[in-house]
Amino acid sequence: MHASITAAGQAGPRLPPVRNLRATTTQAPVSQTVVLEWEAPEPGLAMDHYVVYGAALSDFSPSQATLKVRVPWTTHLHSGLPADGRTWHYRVVGVDAAGRVSRFRGSTQVSVTTASRGLPRIPAGNLVATATSAQQPDYAAEFVLDGDPATFWHSQYDPRVPMPHALTVDMGEVRPVTALTYLPRQDGEHGGTVTAYAVALSTDGSTFTPATTGHWWALDTEGTFATWPATRARYVRLEVLAGYRGHASAAEIGLFEPPA
Ligand SMILES: [Ca+2]
């Protein structure tokens, strides 16, 4: 049954929306968990499972990109979210034993903002981003700092510029920096989502010292992060060693200081 239900948009009989959807967060210095709870569309109605949808954009639709999980119970812990002060939006639909799906439209949408407690965020207003390659003008580097998850930087694809690519953020002054958050593009596509990266730091913009390396998931839409021992620097360079379909992209980049 599960395989036949790919999204809540399928035709067929409809149940009323799930009831009393609510969201809370648990807080940790780097990673946070959103706790979602809800109730069946009708008291006592036997349900087969629920489908949890979530997005960084408030105006979102049920799709594979926004589908977070299918669960047979009425709670979900959405864990591993970066503690970057971002607001997440959720809806839940239910599917009963007969395959009837509860309505998405008209259902309650809850929003919850993660805290950035423990790691002070460096104000984006002080930051300037440049990239070794950008598809101008729609996907310029500056879009990683505009606070809008709907806009993003994308390496030049017309004509295509081959990997590797790098995005450098100038903080305007030498200061301690210890973490970076990365929000992938939020338009349902994954081209350029970073899968292998290195972070390098510099005080002068010419000599860079490696800080950390790692891997992220190609189909991630939730955002992730990288941390390293606190270091004084002015320039933080995200080196994209591999990206989905051989491109590089990012919707938002955040930088964080060590705790005071
Ligand atoms: Ca953006």
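In which loop is P164 found? In this predicted model, P164 is located in the loop between β11 and β12. The peptide bond that leads from M163 into P164 is cis, with omega near 0 degrees. A cis peptide bond also joins Q136 and P137, where omega is about -5 degrees. P137 has its place in the loop between β10 and β11.

The protein chain contains 17 strands and zero helices. Its radius of gyration is 20 Å, close to the 18 Å that the globule rule gives for 260 residues, so the chain is as compact as a globular protein of that length. The C-alpha trace spans about 65 × 45 × 25 Å along its principal axes. Of the 260 residues in the protein chain, 50% are buried. The accessible surface of the chain amounts to about 11400 Å², and carbon and sulfur atoms account for 52% of this area. When contacts between residues at least 6 apart in sequence are considered, 72% join residues at least 24 apart.

L36 offers a view of the strand interior at the level of a single residue. This leucine is placed in strand β3, which covers residues 31–39, and is buried, with a relative accessible area of 0%. Residues up to four places away in sequence aside, L36 touches R22, A23, V52, T74, T75, H76, Y90 and V110. By contrast, 36 Å separates the C-alpha atom of L36 from that of A140, a residue 104 positions away along the chain.Aromatic contacts were examined next. The structure holds seven aromatic pairs. In one of them, the rings of Y139 and Y157 have their centres 6.3 Å apart and their planes at 50 degrees, so the pair is tilted. Y139 belongs to the loop between β10 (128–131) and β11 (153–154), and Y157 to the loop between β11 and β12 (165–183), so this pair ties together parts that are 18 residues apart in sequence. Y139 counts as partly exposed, at 24% relative accessibility, and Y157 likewise counts as partly exposed, at 39%.

Y197 and W216 form an aromatic pair that is stacked, with 4.1 Å from centre to centre and 25 degrees between the planes. Y197 is part of strand β13 (residues 194–202), while W216 lies in the loop between β14 (209–215) and β15 (224–243); the pair thus links distant parts of the chain, 19 residues apart. The relative accessible area is 6% for Y197, which is buried, and 9% for W216, which is also buried.

Ring pairs further link Y53, F60 and F104 into a cluster. Over the face of F104 lies R91, at 5.0 Å from the ring centre. A second arginine, R237, lies over the face of F208, at 3.9 Å from the ring centre.

The model also includes a calcium ion with protein donors. These donors are F143 (O), D146 (OD), D148 (O), T151 (O), T151 (OG1), A251 (O) and E252 (OE), and they lie 2.3 to 2.6 Å from the ion. The donor residues follow the sequence spacing F-x2-D-x1-D-x2-T-x99-A-E. Among them, D148 counts as partly exposed, at 31% relative accessibility.

Backbone geometry was considered last. N20, a residue other than glycine, has a positive phi near 60 degrees. N20 is found in strand β2, which covers residues 19–26, and is partly exposed, with a relative accessible area of 44%. R245 has a positive phi of about 60 degrees although it is not a glycine. R245 is located in the loop between β15 and β16 (249–250) and counts as exposed, at 60% relative accessibility.

Terms used. Residues numbered from 1 in each chain as written. Predicted model: local features only at pLDDT ≥ 70, side-chain atom pairs only at ≥ 80, totals over all residues. Heavy atoms only, no water. Phe/Tyr/Trp six-rings, centres within 6.5 Å; stacked < 30°, edge-to-face > 60°. Helix = DSSP H or I, 4+ residues; strand = E, 2+ residues; numbered from the N terminus. Buried < 20%, exposed > 50% of the residue type's maximum accessible area, 1.4 Å probe, protein only. Lys NZ or Arg CZ within 6 Å of the ring centre and 35° of its normal. Donors = N, O, S within 2.8 Å, 3.2 Å for Na, K, Ca; no water. Rg over C-alpha atoms; globule rule 2.2 N^0.38 Å. Contact = heavy atoms within 4.5 Å. Areas by Shrake-Rupley, 256 points an atom, 1.4 Å probe, with all protein chains shown as cover.
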